[in-house]
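This report describes selected local features of one structure, then its ligand shell and its nonpolar core. Please consult the sequence and the model while reading.

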Amino acid sequence: MHINFIFNAYVTLFIYLEKRMVMCIEESDIAVIGAGPAGLIAAREASLRGAEVSVFEEHNEIGLPCHCAGLISIKGLHDIGIPLHGAYVQNKIRGACFYSPSNLSFTIEGNDYVAYVVNRRALDCFLAEQALKSGSRIILNSRVQSVKRNGGWVLNINGRDNFKAKLLIDAEGALPRVLKATGLKILDKKDFLNGLQIDISGVKIDPERVEVHLGRGVAPGFFAWVIPLNDEEARVGLACKNSNLKNLLFSFIKKRFRYFERMSMHSFYSGFIITCGPIEKTYSDGLIVVGDAAGQVKPISGGGVVFGGICASIAGRVASEAIKRNRLEEKFLKTYENEWKAKFGKEFKIALLARNILNRLSDRDIDKIFSIVIKEKIHNEISAEGDVDFQGTSIWKIMGKGRFLRFLPTLLKATLVFS
Ligand SMILES: Cc1cc2nc3c(=O)[nH]c(=O)nc-3n(C[C@H](O)[C@H](O)[C@H](O)COP(=O)(O)OP(=O)(O)OC[C@H]3O[C@@H](n4cnc5c(N)ncnc54)[C@H](O)[C@@H]3O)c2cc1C
């Protein structure tokens, strides 16, 4: 089926639902703020278990504006309940080629495909369909402007106090304005990276390998990526604290693809990339926080769909249980945080440490680390044993095999010089 047809069908359906909702629904067990992947997955899981769920989305379409490269591990897709054959799949990826500032490179890849490139708009629409099928309601064009605790919650939507819910799931994304007012500590915007990305065509690339380019001249404190959509189209982007992202991106594209004039450029995407780890507390009385709003994003790569999605599944389960047992107090909702921390707590700690060290490496340090990896063929071990999602734990495991001392001088120097 043509993808535009699918979008139009969804949009018509949502607008119909929205009109119906505004007319007749004023309360539900659970209100979810935000119809991104985290909100939709939490809604799906809670309504599958019998809770009445309403999802509020400020935009009039699901999945727009898009701010994602769409690179998601196959295992991750499976873990968040997404079939591997949907219209959202754009390409299949076997591995990644890493490039140092002086162009040393190594490749990490498995025997089989490890990740898919997806169209995020289409993926979000699919998740919305799953949530609707499981019984959730999705209300578009509805911005939750504030919430008041009044036994349960009263939500102010588009300027009117017109919705009540027993439990709130905040899935507002990187800038959670409503959450800020509930008293839970949110992430500090100054810790975010700015990301910018563009789809280009008319290039020659390896269709099955993502490229990761490191270096202060390319993307200080992060990296630039080339994600192939096929052998002549790619999603190219970078992130860093630098405000002059557009110049950095164009000079990277010019350097990487010398035949700049022959390319055509399409959609621009931008957004905040979170690499600073989760917020201190992700629950309070009648409230659960999920996804980017909770900082559930991989600190090394900035990917948030899988970790945020898995945490959102846990949130949906715990929320429905809370409704069933009428246990809306924070003592019960803490189960949510206990569960996601049992799964990701250690990974976040190691990955944050790795991210802090990476942020401090000079171009010479990065080159040195690349030459050790290449000389000792460490990339082959990572290929065999690494995990695309648990990046921190994988690095830790490989470093632990008597290798740590080889890297220690470079890591120590980086830590001391920049601290
Ligand atoms: C350039 C870039 C590239 C990325 N690439 C990848 C990648 O390749 N792979 C990956 O896994 N991750 C990637 N990410 C990260 C990923 O996009 C996010 O982690 C993910 O979208 C988070 O999902 P979410 O549901 O928490 O938030 P969002 O997707 O931001 O969804 C939040 C939703 O809430 C709505 N909303 C907010 N406030 C309100 C309100 N008050 N009332 C009603 N609605 C509201 C918003 O409109 C939005 O629809 C990338 C990010 C950027 C910026």
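## The loop holding P65

P65 is placed in the loop between strand 2 (53-56) and strand 3; helices (H or I, at least four residues) and strands (E, at least two) are DSSP runs, numbered from the N terminus. The peptide bond from L64 to P65 is cis, with omega near -5 degrees.

The model is predicted: local features need pLDDT of at least 70, side-chain atom pairs count only at pLDDT 80 or more, and totals for chains, interfaces and linings use all residues. Residues are numbered from 1 along each chain as its sequence is written.

## Positive phi at N326

Most residues other than glycine have a negative phi. N326, in the loop between helix 7 and helix 8 (330-360), has a positive phi near 50 degrees. N326 is exposed, with 9 other C-beta atoms within 10 Å (exposed means 12 or fewer such atoms, buried 20 or more, partly exposed in between, with C-beta atoms placed from the backbone).

## The ligand shell

The ligand is surrounded by 41 residues, each with its C-beta atom, placed from the backbone, within 6 Å of the ligand. The closest are G34, G36, G173, G291 and G304. Strand 16 gives the largest share, 4 residues.

Domain 1 (3-65 + 121-186 + 279-348) and domain 2 (91-118 + 190-273) both contribute to this shell, so the ligand lies between them; the domain bounds come from an automatic or database assignment.

## Contacts of A319

Leaving aside neighbours within four places in sequence, A319 is in contact with I30, A42, A46, A51, L167, I169 and I288, contact meaning C-beta atoms, placed from the backbone, within 7 Å.

Terms used. Contact = placed C-beta atoms within 7 Å.
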